[in-house]
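Reader: I would like to go through this structure with a few questions. Please show it first.

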Amino acid sequence: ELEVIPERRILMDAWLRFFGIWLAEGCAWMDRHNRQYGDGGIYSYPMVSVSQKVGTKLDSLTGWLNDCGLQYKDHRASIRTKVNNLNIRNDWQLYSYLAQFGKSDLKYIPIELKELSPRQLRILYNSMAFGDGTRDGAEYATTSKRLADDVSEILFKMGEAATVIPEQQIVKEHFRRAKYYGLSGERNGNLLADLGSIRRNI
């Protein structure tokens with residue numbers, strides 16, 4: 001049996017806020033579990049998750065998900081670090097789109113987003129820096145060399161300059177075992193994001 005999921009459209013400004021923080025703090029994967037009934041086989045479903053510490057940032061993040069009309073569950077990932085995961089389960093459209101960007105060290109900004117106006121590029125960058133940048137947005141860090149280059153490009157299109165810092169010059173506690181790239185610099189419409197229709201066997 002073939003299930004057809006109709007296209008979904010999201011206001012671009014709202015999508016950029018979500019996509020930016022997902023690039024910084026999110027992941028997408030197929031979650032697999034053993035059945036506890038029936039034939040006892042393995043079943044899987046798509047998961048999209050974004051993490052953030054409890055506080056005002058988490059409040060902002062939940063608002064961004066709501067603005068996109070995304071259905072999520074708030075899950076406390078770590079009591080010690082006070083980090084929550086906002087998990088979006090069984091959203092095949094969202095997963096199908098985000099999965100193409102790979103894991104953290106392979107992520108990138110797609111060409112169509114890099115061609116947006118400087119105003120919307122700033123929305124995207126600010127939401128990325130919200131997760132992996134300094135408070136003033138003057139520095140941003142990522143384990144993806146391609147993403148570092150993309151951020152440098154959109155900053156240039158925003159009228160700002162950025163320098164990619166070699167990984168060996170950067171020290172960050174939770175990235176000690178990963179290749180690491182940073183950027184530093186000085187701070188100087190109703191378009192729609194289309195998560196097109198998809199078809200899948202059910």
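Reader: Which residue forms a salt bridge with Glu7?

Author: This is a predicted model, and the pair is read from its side-chain atoms. A salt bridge needs a side-chain nitrogen of Lys or Arg within 4 Å of a carboxyl oxygen of Asp or Glu. For Glu7 the N to O distance is 3.8 Å, and the partner is Arg9.

Reader: Is Arg9 buried or exposed?

Author: Exposed means over 50% relative accessible area, and buried means under 20%. Glu7, with 43% relative accessibility, falls in between and is partly exposed. Arg9 has 52% relative accessibility, so Arg9 counts as exposed.

Reader: How many residues apart are Arg119 and Asp13?

Author: Arg119 and Asp13 form a salt bridge, with 3.0 Å between the closest N and O atoms. Arg119 belongs to helix H5 and Asp13 to helix H1, so the pair links distant parts of the chain, and Arg119 is partly exposed at 40% relative accessibility, whereas Asp13 is buried at 18%. The separation of Arg119 and Asp13 along the chain is 106 residues.

Reader: Which helices are tied together by the salt bridge of Lys114 with Glu153?

Author: The closest N and O atoms of Lys114 and Glu153 are 3.2 Å apart. Lys114 is buried, with a relative accessible area of 10%, while Glu153 is partly exposed at 30%. Because the two residues are 39 residues apart in sequence, the pair ties together separate parts, namely helix H4 and helix H6.

Reader: Which residues are linked with Lys114 in a network of salt bridges?

Author: The whole structure holds eight salt bridges. Lys114 and Glu153 form a salt bridge, and both belong to a network. The residues linked with Lys114 there are Asp150, Glu153 and Lys157.

Reader: Where do the buried residues of H2 lie around its axis?

Author: The buried residues of H2 are Leu58, Leu61, Thr62, Trp64 and Leu65. Thr56, Asp59 and Asp67 are exposed, on the face of H2 turned away from the buried side. The buried residues cover an arc of only 155 degrees, which means that they lie on the same side of H2.

Reader: What does H2 reach from its first C-alpha to its last?

Author: H2 has 12 residues, and at 1.5 Å a residue the expected reach is 16 Å. The model comes close to that value, with a reach of 17 Å.

Reader: Which residue just after H2 takes a positive phi?

Author: The phi angle in question is about 70 degrees. The residue is Gly69.

Reader: Which helix supplies the largest share of the largest nonpolar core?

Author: In soluble globular proteins, nonpolar side chains tend to be buried together. Here the largest nonpolar core has 44 residues, and those touching the most other members are Trp15, Phe18, Phe19, Trp22, Leu98 and Ile109. Several elements each supply at least two residues, among them H2, strand E4 and helix H6. The largest share, 10 residues, comes from H1.

Reader: Which residues does Trp22 touch, leaving out those up to four places away in sequence?

Author: Trp22 is one of the core residues that touch the most other members. Leu98, another of them, is also in contact with Trp22. The full list of residues is Cys27, Ala28, Val48, Ser49, Val50, Leu98, Phe101 and Lys107.

Reader: What share of the chain counts as buried?

Author: The chain has six helices and 11 strands. Of its 202 residues, the buried share is 43%.

Technical notes:
Residues are numbered from 1 along each chain as its sequence is written. This is a predicted model: local features need pLDDT of at least 70, side-chain atom pairs count only at pLDDT 80 or more; totals for chains, interfaces and linings use all residues. Side-chain values use heavy atoms; hydrogens and water are left out. Helices (H or I, at least four residues) and strands (E, at least two) are DSSP runs, numbered from the N terminus. Buried means under 20% relative accessible area, exposed over 50%, partly exposed in between (1.4 Å probe, protein chains only). A nonpolar core is a set of buried Ala, Val, Leu, Ile, Met, Phe, Trp, Tyr and Cys residues joined through side-chain atoms within 4.5 Å. Contact means heavy atoms within 4.5 Å. The expected span of a helix is 1.5 Å times one less than its number of residues. The arc is that of the directions from the helix axis to the C-beta atoms.
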